[in-house]
Amino acid sequence: MNDEHRRSILKCVHCGTCRAYCPVFNEYGWESTNARGRMLIAQQIDDDSDIDDSFRFSLDTCTTCGICEQMCPSGATPPDVVENARAAVVRKVGASKAQEKLKNDTVEWGNPLRESRQRLHWLEPAQKEELPDKCEYVYFAGCMTAYRYPEVARKTFDILKKLGVGVLEDEVCCGSPLLRTGSDASELIGHNLEQIKKSGAKTIITGCAGCYTTLKKDYPDEFEVLHVSEFLEKKLDELDIRKLDISVSYHDPCHIGRAHGIYEAPRNVIRRICNLEEMDTHHENARCCGGGGGVRRSFSDLSQSLASKRMDEVPEKAELLVTSCPLCRSNLEMAAEDRELIDIIELLEKAMC
Ligand code: SF4
Ligand code: SF4
């Protein structure tokens, strides 16, 4: 653990404010599953106390949603401390079988989904021929969008290419699933950095909140990173958009919202197209979808329960729930019942003449 994380642990004055906000504590009710408990556990790990599996449960059930950090009166940063403590556990006692498998799969296949399809399978063969060798702006689709929502990747690129954006020749996983769960992702990062260099890109554009936070936080500060909504917000006048007579609601992904303050760009895109009805909690108070921090993969019941609570916050008037992250969308779809979810790009595509 570095000094910054140690300082953060010391900043925790155990006031318990975070207990009222932590969605996971709200499910389990155990002190070890809120930020205050997790900070104490991180301290014990740093002090070299004996580590057993209960430590892992406490750390691994954190979705890194960041609402504790948002509300903390002392300025502590529990999500960063949790991620760091997870890495310390892996260093001290080794990776769990699930972590080992996730890492091996992601490095071997270039994605955590064990997908053998080509990364750019979502592009038409003719479009592949037309790709420029060098580009100032590059679209980074990410694993979830490329393999679980390829139509979103295709629609995103259809819009972005008109605005001079290219793609990487051989993108692999950004490393988020490994980094967020305490593993090393240097091989994947190194590969993508080489690809970015080769492309000549100065700006990377992604529609995935997990990729966004990883490219921004864990890659060297050598290029600008934009969420697709930030890029498109400034280009709306260049796109032929008509107003749609519908009302939608918007789910703030934690990893672009609270983590990076991207609240208005997606809302500005949506408001240009149709009416926006806010969810019960939104902006910095938004409830987590339950999918982040590796929780969806390891604790699916917890993830599903958090997704259900988030879906209960969709206002009646909203005909669609718009997301700007494929992981949030996929997690919320588990609890959507008769509600329809779409990506912000799909909403934009509906409105383009
Ligand atoms: S709100 Fe902040 S200071 Fe208070 S217990 Fe939680 S992490 Fe510690
Ligand atoms: S990041 Fe979210 S899940 Fe983790 S301790 Fe803080 S409030 Fe709880």
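I started with contacts in the protein chain between residues at least 6 apart in sequence: 74% of them join residues at least 24 apart. I note here that the model is predicted.

Next I looked up the secondary structure. I found 19 helices and eight strands in the protein chain.

Then I turned to overall dimensions. I read the span of the C-alpha trace along its principal axes as about 60 × 45 × 30 Å. I checked the radius of gyration against the globule rule: a compact globule of 353 residues would have a value near 20 Å, and the protein chain has 20 Å, so the two agree. I also looked up burial, and buried residues make up 49% of the 353 residues.

For domains, I took the assignment for the protein chain. It lists domain 1 as 3–93, domain 2 as 125–233 and domain 3 as 237–351.

I then followed the pair formed by domain 2 and domain 3. I have their centres, taken over C-alpha atoms, at 21 Å from each other. I counted the residues in the contact as 26 from domain 2 and 25 from domain 3.

Which elements give two or more residues to the side of domain 2 that touches domain 3? I listed helix 9 (143–148) and helix 10 (150–162), then helix 13 (209–217) and helix 14 (228–233).

Last, I sorted that side of domain 2 by residue class. I have eleven nonpolar residues, nine polar and six charged on the side that touches domain 3.

Methods: Residues numbered from 1 in each chain as written. Chains lettered and ligands numbered in written order. Predicted model: local features only at pLDDT ≥ 70, side-chain atom pairs only at ≥ 80, totals over all residues. Helix = DSSP H or I, 4+ residues; strand = E, 2+ residues; numbered from the N terminus. Rg over C-alpha atoms; globule rule 2.2 N^0.38 Å. Buried ≥ 20, exposed ≤ 12 C-beta atoms within 10 Å, placed from the backbone. Contact = placed C-beta atoms within 7 Å. Domains from an automatic or database assignment. Nonpolar A, V, L, I, M, F, W, Y, C, P; charged D, E, K, R; others polar.
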